[in-house]
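Thanks, everyone, for making the time. I would like to spend a few minutes on one structure, so please have a look at it before I go on.

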Amino acid sequence: MKRWEHFDYDEHDGIATLTFSRPDRLNSLTFEVYADVRDLTDSLRRRRDVKVLVIRGRGRGFCSGGDVDEIIGELLKRGTREVFEFAHMTGACVRNLRELPQPVIAAVNGVAAGAGAVLAAASDIRVLAESASFRFLFTSVGLSGGDMGICWLLPRIIGLGRATEALLLGDKITSHDALAWGLASRVVADDQLDAAVADYVSRLKDMAPWGLAMTKEMVNRAASTDYSSAIEMEAFTQTLLMTAEDFREFHAGFTGKRKPKYLGR
Amino acid sequence: MKRWEHFDYDEHDGIATLTFSRPDRLNSLTFEVYADVRDLTDSLRRRRDVKVLVIRGRGRGFCSGGDVDEIIGELLKRGTREVFEFAHMTGACVRNLRELPQPVIAAVNGVAAGAGAVLAAASDIRVLAESASFRFLFTSVGLSGGDMGICWLLPRIIGLGRATEALLLGDKITSHDALAWGLASRVVADDQLDAAVADYVSRLKDMAPWGLAMTKEMVNRAASTDYSSAIEMEAFTQTLLMTAEDFREFHAGFTGKRKPKYLGR
Amino acid sequence: MKRWEHFDYDEHDGIATLTFSRPDRLNSLTFEVYADVRDLTDSLRRRRDVKVLVIRGRGRGFCSGGDVDEIIGELLKRGTREVFEFAHMTGACVRNLRELPQPVIAAVNGVAAGAGAVLAAASDIRVLAESASFRFLFTSVGLSGGDMGICWLLPRIIGLGRATEALLLGDKITSHDALAWGLASRVVADDQLDAAVADYVSRLKDMAPWGLAMTKEMVNRAASTDYSSAIEMEAFTQTLLMTAEDFREFHAGFTGKRKPKYLGR
């Protein structure tokens, strides 16, 4: 297994965990962290032994986004092409996350700001500690609110009105609002965050992997097609699943009154 | 009027009512029920004398989805092409519902699971008894959460985050959550469900039918086009309505201080 | 500065304010008001000295939509082409609003009905007095609920289920529901509406204008493209902003511990 240098990374029992680990900087991102996130999420795509990816932060917060000194200060010295290469790389991180066949759980405590908020938004399930908050603060640094595809994603999660305001003004979204708006799956006391995440993980890792992967793919593809085509696409893909082994395994388990053991095919 | 054998069907005073009627199986669906739903919803398309369609279930629940024995067990014996024909048929049911010119009201009590939950979601208005719940449980049987176009529809109703979780995990969505998330129009005590549905029906059947039909069509078409084209499409179609008889009838009623009598043209 | 005859219009300190001013008719719209809204919103597009547009109504309500006598009665006398020209003109108003580079704030008290509700919905931020309500009542006058692109916009703000019901039935949406559904940014006591709007205005006018304009444009464009293209589009446009002067100004302000002074370039 490749060693990742710019965040903590752990794998065991089919569960991959990425932990941002610059707690003294509220886990702000550097060029190297972005590059490693991009490469890790790309490599997990082909890892059928990995069932779930969990993303979290060490210390008081999840991730405070691009570092003011190490990213912003540095970008101002670069030329247009190099700046674009950076923007392109950050986009690859969220594209990879959304295209991963495995479910991605963001375990968020404290600050999730800027790119940190976007990475959480691009996860499939967001479990929040009460201390968690989101801030899409790109306009606060003189930039466009549109970064890493968040102008596509956020309106589809919390609605166009709330998203427009959040992206224009960059105000803090509390864990309470996140739950009410559908930006959080669940909010728990800070000391219950690990347990709540473990609960999701243990359920997801025993489910049929191709079924989960296809669910993510259908949600992604249906976002950009018309209803009639989506219906037909789901008829095609569900036929793949209905003629695959795991559907047979479900039925054998059900009729045999035993827990099914899925193989992802 | 064709007799429908696999559910109860009633028409009177312009109101069509489909009642799933296998209460001993929580109104689970068989191949024959699907085929009849597809054919009924197709035939109502041309029935200008029918103003509203109500869908409901007999007994303790709305519809528990495809029957484990009669559908799942049987599908496992079939070849790929036959399985696809089934998936295609189920998709035709929801496509027809969404394309019906008449408003469709789902009156939901108890369980709406799997395909039953999808049929309710594809209705225009969902009136729920407090006992109602939704479960999109396709992944629980080893399949893809994407079935009958629900990966298109559900994110647009309750938001992408909640929908992703509901489709991945298949957890129960209570009537309380359904209301908070916009998946229910109204939640009432179980013994008030009939009255609440009757209230919607009586209002809708007196409204201008072409106006209602065009509203559904514009909502459907606008989902898959850009804003500027949608604006123009509505300018074209509203001009059709503004030069039609029912708009004149509204004005005559308004100035004559009488209730308008709409003709759907 | 052009004088606008059919509503009150004020500009000072970079803030433009349009006030519907037919309070005796609940600010109902006439052909002339629509034409002026279209022309004003078109002209503001090129006004880089204007930072924010506020839309409000004089008296007890925001805007009650097209006047029954002056619009509906008159339309019934016109031919198809002339009716279409009207529908096309109303659509241009909302298209212009959404395409304005400046943030648009609707300050809503009392009734926002029909086209008035659509104009508020097409604004970026909706600040509501408790007395505010929305009614999309097009079907109540025998027309299609699809008018001025609202069948595109409303489902993306409040979800497809709630929007379908609101557009079919035209029921009143209270300020309380508007807040819960994401159709309002904030609800305040009626006598606090001016202060709440002033608060938004004062924050927005000091932010980097190109960043705000690009945020609106990305939200608009991302609504009609796929996720991967949206990510890349934001990488392109964010590179424009990252190589522009205001990003440098942010950093200079941050490191110099002074407030940045943005120039919109």
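What follows is a short account of how the two domains of this chain meet.

Let me say at the outset that this is a predicted model, and everything I quote has been computed from it. The domain assignment divides chain A into domain 1, covering 8-205, and domain 2, covering 209-255, and the centres of these two domains, taken over C-alpha atoms, lie 27 Å apart.

How much area do the two domains bury between them? The figure is about 680 Å², with 52% of it on carbon and sulfur atoms. On the side of domain 1, the residues that lose the most area to domain 2 are Arg98(A), Pro101(A) and Trp152(A), which together account for 53% of what that side buries.

In terms of contacts, twelve residues of domain 1 touch eight residues of domain 2. Turning to the polar side of this interface, five residue pairs are found in polar contact across it, and the count of salt bridges between the two domains is one.

As for where the domain 1 side comes from, helix 3, residues 80-99 of chain A, supplies the largest share of the residues touching domain 2, namely three. By residue class, that side of domain 1 divides into seven nonpolar residues, four charged and one polar.

Finally, a salt bridge that you may want to find on the screen is the one in which the side chains of Lys216(A) and Asp124(A) meet, at 2.7 Å from N to O.

Key: Residues are numbered from 1 along each chain as its sequence is written. Chains are lettered from A and ligands numbered from 1 in the order in which they are written. This is a predicted model: local features need pLDDT of at least 70, side-chain atom pairs count only at pLDDT 80 or more; totals for chains, interfaces and linings use all residues. Side-chain values use heavy atoms; hydrogens and water are left out. Domain bounds come from an automatic or database domain assignment. Contact means heavy atoms within 4.5 Å. Buried area is the accessible area (1.4 Å probe) that two parts lose on being put together, summed over both. A salt bridge is a side-chain nitrogen of Lys or Arg within 4 Å of a carboxyl oxygen of Asp or Glu. A polar contact is a pair of N or O atoms within 3.5 Å; within protein, one must be able to donate a hydrogen and the other to accept it, and residues adjacent in sequence count only if both atoms are side-chain atoms. Helices (H or I, at least four residues) and strands (E, at least two) are DSSP runs, numbered from the N terminus. Ala, Val, Leu, Ile, Met, Phe, Trp, Tyr, Cys and Pro count as nonpolar, Asp, Glu, Lys and Arg as charged, and the others, Gly among them, as polar.
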